[in-house]
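Welcome! Here is a short briefing to read alongside the structure. Take a look at the model, then follow the points below.

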Amino acid sequence: MLETAAPGSPGQPASRRPTDLYAVIGNPIGFSKSPYIHRTFAQATGQQMDYSAIEGPLGGFAGAVDAFRAAGGLGLNITAPFKLDAFAYATEGSERARLAGAANALKFDGARVLAENFDGVGLVRDVTHNLNAPLQGKRVLLLGAGGAARGALLPFLAQAPAELLIANRSLDKAHALAAIGAGQGRVRGCGYDELAGQTFDLVFNATSASLRAELPPVPASVFAPDCLAYELAYGKGLTPFLRLAKNAGVRQLADGVGMLAEQAAEAFKWWRGVRPDTRAVIAGLTVPLV
Ligand code: ATR
């Protein structure tokens, strides 16, 4: 009996194989850098794949993903506002996706839908590897207790900081997030008023304040000498938070460009088995912090 290769299987000549389909889904999606990042990765690693952007209808996430899968889609990146929907859609979640209750990447394997969350590991990789600023033994301040802070919590604690303080306007959210990390390291939630008189080696702005050019009520005295000030938002230039740090004498300022590239590299490796080098993408996307 003649064996016929399944569509897309390695046995089929490349020219006749349907291209492996991936995409990012969000709303709005027009400004997403993910297609540029993944196409650059695919080219650099010689992977045959197509990566597009999907504007998912609000309230219609599941239908849009069903249609993508029916067209042969193999994996998705998820951006706002669908990270919680993506986690709910999945049939299986990694530990970090489960703890975040949110997914930023999905992989489709027949009826199985696997959920991952690479935001926190991407951030840690950028800080420790690209920026050469280890968290181990350091005093770390995380501003905000929403989705972005939640993704960072466990990857931060895995680096064994001396202390992780989570400051938030709504105190109950700061305490609730700290409670999730209890047992994984020294972590505490507090209000902004408690920050007076304290200094930190690394300060992360994981609030959504910068998206509206607002400044979280953090005192300029929190930045220790040789501190790293990191804005998780990407491409906003010198945000009010970074300006505060700069005016306080902080020399190491960063925004989320490296985090964006590193979380994408993790997803790419998860889908394709190859980890791309992120340097070209980071250089291509860097917006000067002025
Ligand atoms: P995301 O997924 O981007 O984290 P989110 O889950 O809505 O978005 O959370 C937004 C976070 O930014 C919250 O921690 C919010 O603080 P509150 O919980 O006290 O509302 C914080 N935030 C937004 N605007 C802020 C501002 N101007 N100053 C301080 N914190 C702010």
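**Two domains and a ligand**

Between domain 1 and domain 2 there is 1 salt bridge, a term for a side-chain nitrogen of Lys or Arg within 4 Å of a carboxyl oxygen of Asp or Glu. This is a predicted model, in which local features need pLDDT of at least 70 and side-chain atom pairs count only at pLDDT 80 or more, while totals for chains, interfaces and linings use all residues. Residues are numbered from 1 along each chain as its sequence is written, and side-chain values use heavy atoms, leaving out hydrogens and water.

**How the domains meet**

- Domain 1 covers 14-117 + 261-285 and domain 2 covers 120-255, with bounds from an automatic or database domain assignment.
- Their centres, taken over C-alpha atoms, are 27 Å apart.
- Domain 1 brings 11 residues to the contact and domain 2 brings 9, where contact means heavy atoms within 4.5 Å.
- A salt bridge joins the side chains of E262 and R125, at 3.5 Å from N to O.
- About 910 Å² is buried between the two domains, 60% of it on carbon and sulfur atoms; buried area is the accessible area (1.4 Å probe) that two parts lose on being put together, summed over both.

**Around the ligand**

- The ligand has 18 residues around it, and N168, S170, K173, R212 and E214 come nearest; a residue counts as near if one of its heavy atoms lies within 4 Å.
- By class, this shell holds 7 nonpolar, 7 polar and 4 charged residues: Ala, Val, Leu, Ile, Met, Phe, Trp, Tyr, Cys and Pro count as nonpolar, Asp, Glu, Lys and Arg as charged, and the others, Gly among them, as polar.
- An N or O atom in the side chain of E214 lies 2.7 Å from a nitrogen atom of the ligand.

Notes
Polar contact = N/O pair within 3.5 Å; in protein donor to acceptor, adjacent residues only side chain to side chain.
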